[in-house]
Amino acid sequence: MTDIKRRKFVSLMGVGAAVVPVSALVASLPSRAQDMPVVDPESAQAKALQYVSETEIPDQNCANCTLYSGAEGADAGPCPLFPGVSVMASAWCSAYVPRA
Ligand code: SF4
């Protein structure tokens, strides 16, 4: 192997080593909120927080809770209390905190 080919090979290996961890990181990121399944109201976490998909409390729902980070007008979005799933914008749980 000539010096030039060796240098090119070594430099490509460096790029490959940098690209693999970035792609592994991206693959490990949670999917977009709209692709996440909605929380199961029968799950242990949902029951512990008294989560309901449709709130019966006027003016209190996930869409206007401080912890909700769904897009404006979306049917569902992320909540840090339910990692890996989304909560319904119309839902409510006992950890509700009104937005300021
Ligand atoms: S804390 Fe409860 S009310 Fe607030 S967004 Fe999360 S699930 Fe909805």
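Here, Ala, Val, Leu, Ile, Met, Phe, Trp, Tyr, Cys and Pro count as nonpolar, Asp, Glu, Lys and Arg as charged, and the others, Gly among them, as polar. By that split, the lining of the largest cavity has eleven nonpolar residues, one polar and no charged. This is a predicted model, where local features need pLDDT of at least 70, side-chain atom pairs count only at pLDDT 80 or more, and totals for chains, interfaces and linings use all residues. Numbering runs from 1 along each chain as its sequence is written, and side-chain values use heavy atoms, with hydrogens and water left out.

**Ligand shell**
- Around the ligand (heavy atoms within 4 Å) you'll find C62, C65, L67, Y68, C79, L81, F82, C93 and Y96.
- That shell splits into nine nonpolar, no polar and no charged residues.

**Core and V87**
- The largest nonpolar core (buried residues, under 20% relative accessible area with a 1.4 Å probe and protein chains only, joined through side-chain atoms within 4.5 Å) has 16 residues.
- V39, A46, Y51, C62, Y68, F82 and V87 touch the most other members of that core.
- Skipping neighbours within four places in sequence, V87 has contacts (heavy atoms within 4.5 Å) that include D75, A76, G77 and C79.

Technical notes:
Buried < 20%, exposed > 50% of the residue type's maximum accessible area, 1.4 Å probe, protein only.
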